[in-house]
Amino acid sequence: MASSQKRITKEYAEVTANPPAGIHVSLVDESNVHNWNVILDGPEGSPYAGGKFTLLLVLPSDYPFKPPKINFKTRIWHPNVTFDEHGSMCIGILKPEAWKPSSKILSVLTATQNLLVEPVPDDAVESSAAEKFKNDRPAFDKEAREYTKKYAK
Amino acid sequence: MDSEDDFMSGLSSDDDMLDDQSDNDDESVAEFGIDESDPELDFSHKKDTKKKKTSFEINFKVYKPEDIQRQQDDLIDEVNMILDIRKEDAAILLRHFRWNKERLIEDYMDRPKKVLEAAGLGPSTTGPPKLEVVPDFMCDICCEDEPGLKSFAMKCGHRFCASCYNQYLVQKIKEEGEAARIQCPADGCNRIIDAKSLDLLVAADLQQRYHELLTRTYVEDKEHLKWCPAPDCPNAIECGIKKKDLIRVVPTVACGCDYKFCFGCILADHQPAPCELVKRWLKKCADDSETANWISAHTKECPKCNSTIEKNGGCNHMTCRKCKHEFCWMCMGLWSEHGTSWYNCNRFEEKSSSDARDAQTKSRVSLQRYLHYYNRYANHEQSAKLDKDIFIKTEKKMVQLQSASGMSWIEVQYLNAASHALQECRQTLKWTYAFAFYLARNNMTEMFEDNQKDLEMAVEALSEMFEKNVNELSEPKLKVDIMDKTSYCSKRRDKILEHTAENLANGGWSWSVDF
């Protein structure tokens, strides 16, 4: 779809020309603007600090009418991300009823960054992480830091 | 207790009304016919026009799609005049207030700004919606910026090109089935798209779909309106029965498409059983669906006299209590052929196994009780499922009869009436068994069972006559018999339904469980 091509190219140009702090994007394959490689620095002040997380952002053919899909390729121990090879993430802006065609990829990326700083345990997909986050914050931080060291150095 | 008055005022229904149920049926059909073609459908006065006939009938109205549309239009016009706002906005406000006109007007009078904001109708300027060509415009969705690009913005000012707007709306309507709450495509804007703007932006087929979906929300938002659940039926039914009434009344309604269903729970007609009982019974049947398996696993028929035998101990040496036949539980063969070498009955004397036997006997009794009712319930259900075949057969018979005996169309209608009565009575009989399952034993229950027996005997007798071949059916005597039996069946059905409905309304039944 031509319209989606133009829009994605523009968004890609904006994000690469003026990248937000701690986020680096590139195309998985230069000839295909639909698949983005995202490298996210673990935000300072979070247990993920010091880690580098790779994510895959896929823009469907009917983007921007349908939301992008984004998954962690680097394992991360987080209440809202599945702790498996899929690294599926639960995030409000990507829910079909919240997504609007004028929503931007940049806001998806910054929302993801925010999610690392502030997990939303009530929307958890990884219940053991959510429970620890709610009931024993120091233990949660410690475990998340260990996994960051192990997988995202 | 106003609701009681509402549906009990027909208690005094005169007997001659009941004497000919088939007449009654014709009458009600005719009445629906009038309702449907009546151009002046109005909620309030219509309710009173249909007289109640019996204690088990309730007041209701059937609405066709155009009636439902007109009701909405009337409400929209009214709000449009009272509040002096655009019709499109009135429609959005009404949907936002779930069609509660009074509350909308009251709230709007108090805080118009807040109400508009909450319904997604922020500050507005006037003028009809139109496509525009705006200089230096770039669509925020597709990033096209070629000169002459047609674009559209609602009152919120968020402007997108016509094709993106269209694609967005197509997706919302077609894929997501959304209509009443489609927001502006701009991120974070909660302004709701109105019908006029929508009509400007999408093709005619989608406009139609959009309006269908809007109509659907109207019925779904109203407590007194429900869609007829029959496949492909576009009608809705209005009925004033409230949820709290459902323990004292079984609100069966009949749609213009002939489908009868319960307004309380949308299941097929289940008179005389109230909704709560039906729910419990269906759950029990679902839970106990393994029961039949259990029985087949734990009981066997005596190989000689076919009595059902339940194995209640470890012993394989079975002696039929009825005919004293001795056989082996394992192979069902004659016991005398087995000898005693591998047979060990010691366990049978142990306390644990005798306890187990007692428990099994107990559960067997309650199981038998349940199965007694379930089998009869299921039998009538099965017969009800065959109704369609019966009806087709009847039609064929009627045609044959017309050519074989020279009877006119009108003269063979008695078979149609018989078929109709059979279907109706079986549906009722089926639920009388679920009803009876939960009844405590007392005089009233006995009366109920007598009524049930009368109805069942009449139905089976009619069913038998009905099965006769065409030659016999054309005999004038049988015709008279069938007509008599048909009317008798309907009378018996009325009888049992009246008895149950009246005592349901005044809490006269004692149940074996709490409802």
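Modeller: Ground rule first: two strands pair if DSSP finds at least two bridges between them. A strand is a DSSP run of E at least two residues long and a helix a run of H or I of at least four, each kind numbered from the N terminus. Mind that this is a predicted model: local features need pLDDT of at least 70, side-chain atom pairs count only at pLDDT 80 or more, and totals for chains, interfaces and linings use all residues. Residues are numbered from 1 along each chain as its sequence is written, chains are lettered from A and ligands numbered from 1 in the order in which they are written, and side-chain values use heavy atoms, without hydrogens and water.

Colleague: Fine. What makes strand 3 and strand 4 of chain B a pair?

Modeller: Three bridges join strand 3 (residues 150-153) to strand 4 of chain B, and the rule asks for at least two, so they pair. They run antiparallel, with B:Phe152 opposite B:Phe160 in strand 4. In their hairpin, which has five residues between the strands, B:Gly157 takes a positive phi near 85°.

Colleague: And why do strand 2 and strand 3 of chain B count as paired?

Modeller: They have two bridges, in the antiparallel sense, so "at least two" is met. B:Glu132 has B:Ser151 in strand 3 as its bridge partner. That gives chain B an open sheet of three strands in the order 2-3-4.

Colleague: Why are strand 2 and strand 4 of chain B called edges?

Modeller: Strand 2 (132-133) and strand 4 (159-161) each have a single partner strand, so one side of each is left without a neighbour in the sheet. Helix 9 (residues 162-175) of chain B packs on this sheet, touching strand 3 and strand 4; touching means contact, heavy atoms within 4.5 Å. Its direction makes about 90° with that of strand 4, using axes fitted to C-alpha atoms (for helices over the stretch in contact) and angles from 0 to 180 degrees between N-to-C directions.

Colleague: Over to chain A. What makes strand 1 and strand 2 there a pair?

Modeller: Six bridges join strand 1 to strand 2 (residues 32-41), so the condition of at least two is satisfied. One of them puts A:His24 with A:Ile39. The open sheet has four strands in the order 1-2-3-4, paired antiparallel.

Colleague: What makes A:Lys66 and B:Glu175 a salt bridge?

Modeller: Their closest N and O atoms are 2.8 Å apart. The definition wants a side-chain nitrogen of Lys or Arg within 4 Å of a carboxyl oxygen of Asp or Glu, so the pair qualifies. Chain A and chain B have four salt bridges between them, in a contact that takes 14 residues from chain A and 20 residues from chain B.

Colleague: B:Asp221 and B:Arg98 form one too; what does that pair tie together?

Modeller: The N to O distance is 2.5 Å. B:Asp221 lies in helix 11 (residues 204-221) and B:Arg98 in the loop between helix 6 (87-96) and helix 7 (101-110) of chain B, so the pair ties together parts 123 residues apart in sequence. Over all chains, the whole structure has 33 salt bridges.
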